[in-house]
Amino acid sequence: RAKQQGRNSFSLYTPGLQAYYQRALQLENALRRALELGQLSLHYQPQHDLHSGALVGAEALLRWQHPEFGPVSPAEFIPLAENSGLIVPIGDWVLSEAVRQLAEWRASGWDLSVAVNLSGVQFMDLGLVERIRQLLQQHGVPASALELELTETITMQDPALAVTVMDSLHGLGLSVALDDFGTGYSSMSYLKRFKLDKLKIDQSFVREMHPGSDDAAIVQATIGLAQSLGMQTLAEGVETEQQRDFLRDCGCQLAQGYLLSRPLPAEAFARYLQGCGQPIAAG
Ligand code: C2E
Ligand code: MG
Ligand code: MG
Ligand code: MG
C-alpha cells in the first residue's frame, strides 16, 4: 500500500520535469568545483555614450565552460548558485577578478569603468562594503571606476536595509545601477531614497520599441523619470540602428547591445580598447 502510494506520488513528476531536476542537480554538483577547476571566466560587454559614441565602460558577465555540458548560460546557473549558497564564493571571485582586470586596463592608460552584477545574498552581506574597499585599495582602482548592478527584486526584499547598504556604497564613491528596470516592483519613493546613479532599461522594452508603441512610451517615461531624479539611463539589448537612434532622440545617455558589441573575452576586449578606448587624461 505504502509502495503503491509512493509510486503514485512519484507520478506527479512528468518526464520533462524529472529531466529538468536531474540536470539542475548535475549542474549544481559540477558548479561546486567550477571555480577551483578554472572553468569560470568573465566576458566584458562595451557600454557606449549614445551622443558622443565614446566607450565609457563594460559590464562584466560571468561565463561557465564545462567539459561535458559545454557553455552553460548564467541565466541557468546563477539561480542554482543562489539557491545552493555557491554564489557567495563565486560572487566574491567575480568582484575580485573584475577589479583586477579593471586595474590592468587602467594601468595601460585606458579610462573606463566596469560594472559587476550582484546577487541578493551578496548585497545583504554586511561585509560587502569593506570587502570592496579592500579590493579597490589592493589594486589601486578609484571607487568611481567600479559600478554595481542590482535588481529591483534585491532592493525591495528589505528596502530599509538596502538604503543603508546603498548609502555606504556611495560613501565609498562607487556608483550603483538598477538592472532590468521595469521588470520588477520598485516603489517610487524608494527609487528616490536609494539615490541610484543609473537606471538600466530592460531589453524586453527595447526589443519591441517601435515609435508609437506601448514599449516606446514606457522607455520615454523611464528616461523622463530618471532625468527628474538625477539618474543616468542606459538601454540594454540595443540590436538595431533604429533602436539606437530612437533612444538617443529620447535623451537616453548610454547603450549596450549586440549592435555595438557582444560581450567579449578579456583579450578581445583589450583589442576593442585599442580601437575605441578613451585614454586617461594626463596630469
Ligand atoms: P543582465 O545583467 O541583465 O545582463 C545582460 C544580458 O543581456 C547578458 O546576458 C548579455 O549577454 C545579454 N545581452 C547583451 N546585449 C544583448 C543584445 O543586444 N541582445 C540580446 N538578446 N541580449 C543581449 P548573459 O551574459 O547571458 O547574462 C544573463 C544574466 O545573468 C545577467 O543579466 C545577470 O542577471 C546574470 N549574471 C551574469 N553574470 C553575473 C554575475 O557575475 N553575477 C550575478 N549575480 N549575475 C550575473
Ligand atoms: Mg547586469
Ligand atoms: Mg539587465
Ligand atoms: Mg537580465
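## A contact to start with

Which polar backbone atom is 2.8 Å from an oxygen atom of ligand 1? That atom belongs to Tyr258. Keep in mind as you look around that this is a predicted model.

Two side chains also reach toward ligand 1. Asn117 places a polar side-chain atom 2.9 Å from one of the ligand's oxygen atoms, and for Gln203 the matching distance, again from a polar side-chain atom to an oxygen atom of ligand 1, is 3.1 Å. On its own, ligand 1 would expose 810 Å², and the protein buries 83% of that.

## Around ligand 1

To find ligand 1, look in the largest pocket. There are 22 residues surrounding ligand 1, and the closest are Arg63, Ser119, Asp179, Glu239 and Tyr258. By type, the shell splits into 9 nonpolar, 6 polar and 7 charged residues.

Where do residues of this shell come from? Strand 2 (55-66), helix 3 (74-84) and strand 6 (175-181) each chip in at least two. Strand 2 gives the most, with 4 residues.

## The magnesium ion called ligand 2

Now for the metals. The magnesium ion (ligand 2) has protein donors from Glu59 (OE), Asn117 (OD1), Glu149 (OE) and Asp179 (OD), at 2.0 to 2.2 Å. You may remember Asn117 from above, where a polar atom of its side chain lies 2.9 Å from an oxygen atom of ligand 1.

Along the sequence, the donor residues of ligand 2 follow the spacing E-x57-N-x31-E-x29-D. This brings together distant parts of the chain: Glu59 sits in strand 2 and Asp179 in strand 6, 120 residues apart.

## The magnesium ion called ligand 3

The other site to visit is the magnesium ion (ligand 3). Its protein donors are Asp179 (OD), Asp180 (OD) and Glu236, with Glu236 listed twice through OE, and they lie 2.1 to 2.4 Å from the ion. Here the donor residues are spaced D-D-x55-E in sequence. Distant parts of the chain are linked at this site too: Asp180 belongs to strand 6, while Glu236 is in the loop between strand 8 (232-235) and helix 12 (241-249), 56 residues apart.

## The residue that ties it together

Which residue bridges the magnesium ion (ligand 3) and the magnesium ion (ligand 2)? That's Asp179, and the two ions it coordinates are 4.0 Å apart. Asp179 is also among the closest residues to ligand 1, so it's a handy landmark when you turn the model around.

Conventions: Residues are numbered from 1 along each chain as its sequence is written. Chains are lettered from A and ligands numbered from 1 in the order in which they are written. This is a predicted model: local features need pLDDT of at least 70, side-chain atom pairs count only at pLDDT 80 or more; totals for chains, interfaces and linings use all residues. Side-chain values use heavy atoms; hydrogens and water are left out. A residue is near a molecule or strand if one of its heavy atoms lies within 4 Å of it. A polar contact is a pair of N or O atoms within 3.5 Å; within protein, one must be able to donate a hydrogen and the other to accept it, and residues adjacent in sequence count only if both atoms are side-chain atoms. Accessible areas come from the Shrake-Rupley method with a 1.4 Å probe; for residues, only the protein chains shown count as cover. On a 1 Å grid over the protein atoms alone, a cavity is a set of points where a 1.4 Å probe fits but cannot get out, and a pocket is an open set with protein on both sides within 12 Å along at least five of seven lines; lining residues have an atom within 4 Å of a point. A molecule sits in a cavity or pocket if more than half of its atoms lie within 2 Å of its grid points. Ala, Val, Leu, Ile, Met, Phe, Trp, Tyr, Cys and Pro count as nonpolar, Asp, Glu, Lys and Arg as charged, and the others, Gly among them, as polar. Donors are N, O and S atoms within 2.8 Å of the metal (3.2 Å for Na, K and Ca); water is not among the atoms, so sites may look incomplete.
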